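This report describes the pockets found in a predicted model. Which elements supply at least two residues each to the lining of the largest pocket?

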Amino acid sequence: MIDGALLLDKPLGLSSNAALQNAKRLYGAAKAGHAGTLDPLASGLLMVLFGEATKFAGPLLDADKEYLAALKLGQRTSTGDAEGAVLQSRDVSFSQETLAAVLERFRGEIEQVPPMHSALKHKGTPLYRLARRGEEVERAPRRVRISLLEVTQHDGEGLVLRVVCSKGTYIRVLAEDIGEALGCGAHLGGLRRTASGRFRIEQAATLEALADAEERRRRLLPLPALLGDLPRAELGAAEEARLRQGQTLKISGLHPGLCAVVRPDGAVIGLGSADEAGLKPLRLTQTAENHLKSAPHAKRE
């Protein structure tokens with residue numbers, strides 16, 4: 001049984017599921033998942049989770065993501081990216097002052113209308129299937145957060161942006177909206193995910209590199225590495241048994257919200273939720289044989 005995570009540099013042209021299946025086969029894992037889909041036309045950091053690590057997908061999915069987004073200015077396409085047919089072409093003419101002002105409008109909390117070419121569902125049918133049939137339905141806008149938006153390259157009709165954003169942000173919609181605000185239109189010409197939470201693309205391995213057994217062993221992250229800066233609650237054997245039975249534990253000093261639950265030796269028990277009532281189980285591992293570095297723990301009553 002393999003329990004752990006892999007930081008994979010997904011190549012262009014491969015779906016997230018295909019990349020996941022390749023990694024699963026290489027590791028001989030019985031169970032695998034990932035923390036955040038990348039389209040085939042996007043490359044970069046894909047977090048692959050094996051075994052018990054799949055139970056930690058929630059916090060990883062919730063983490064902010066960082067991208068390098070290449071915008072093709074002057075062209076609007078049917079899909080918002082390079083796969084679609086060009087619907088409209090316009091001249092590209094704006095000043096650096098205009099560009100700076102437009103980007104400022106998209107920083108912070110903004111509203112986005114999800115694209116028709118997405119996996120969101122309308123009455124049980126994915127929007128992309130409706131789009132392929134030439135249908136369009138009304139979509140409610142969503143609030144997302146753009147923490148960072150800066151130009152890394154601007155050359156004629158090409159514009160590369162570094163974006164740090166909250167989960168649920170559609171970068172192709174951001175590209176289209178920025179293009180419209182600039183008055184020339186745009187579509188997403190290329191996308192690379194460079195970070196997910198505290199994990200960065202520089203830490204990732206390619207599928208080619210993982211063909212080497214020693215590289216596979218070295219690249220596998222243990223469960224404790226997924227806990228990050230979550231508050232910790234340390235439980236003794238009796239408390240762990242009660243938590244595994246679904247009981248709420250009276251523990252003082254815990255920060256309300258998501259909490260990492262560990263044994264005295266640092267082994268990972270799982271995730272819990274803390275509130276005024278105490279610590280409640282959320283996702284618990286079947287085994288707790290991975291170890292954490294020492295960290296401050298909550299005080300028991």
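## Elements around the largest pocket

In this predicted model, at least two lining residues of the largest pocket come from each of α1 (16-27), β4 (65-73), α4 (127-132), α5 (171-182) and β12 (186-196). Strand β12 provides the largest share of that lining, with 5 residues.

## Volume and lining of the largest pocket

The volume of the largest pocket is about 1200 Å³. Its lining comprises 38 residues, and those nearest the pocket centre are T37, L38, D39, Y170 and R172.

By residue class, the lining of the largest pocket contains 15 nonpolar, 14 polar and 9 charged residues.

## The second largest pocket

The second largest pocket encloses about 350 Å³ of space. It is lined by 19 residues, of which S78, P115, M116, R139 and E176 lie closest to its centre.

Two or more residues of this lining are given by β5 (75-77) and by α5. Helix α5 makes the greatest contribution to the lining of the second largest pocket, namely 4 residues. The composition of this lining is 7 nonpolar, 5 polar and 7 charged residues.

## An element in both linings

Helix α5 appears in both descriptions: it supplies at least two residues to the lining of the largest pocket, and it gives the most to the lining of the second largest pocket. For the largest pocket, by contrast, the largest share comes from β12.

Definitions and conventions: Residues numbered from 1 in each chain as written. Predicted model: local features only at pLDDT ≥ 70, side-chain atom pairs only at ≥ 80, totals over all residues. Heavy atoms only, no water. 1 Å grid on protein atoms, 1.4 Å probe; cavity = no way out; pocket = protein on both sides within 12 Å on 5 of 7 lines; lining within 4 Å. Points joined across faces, edges and corners; volume = space filled by probe spheres on them. Nonpolar A, V, L, I, M, F, W, Y, C, P; charged D, E, K, R; others polar.
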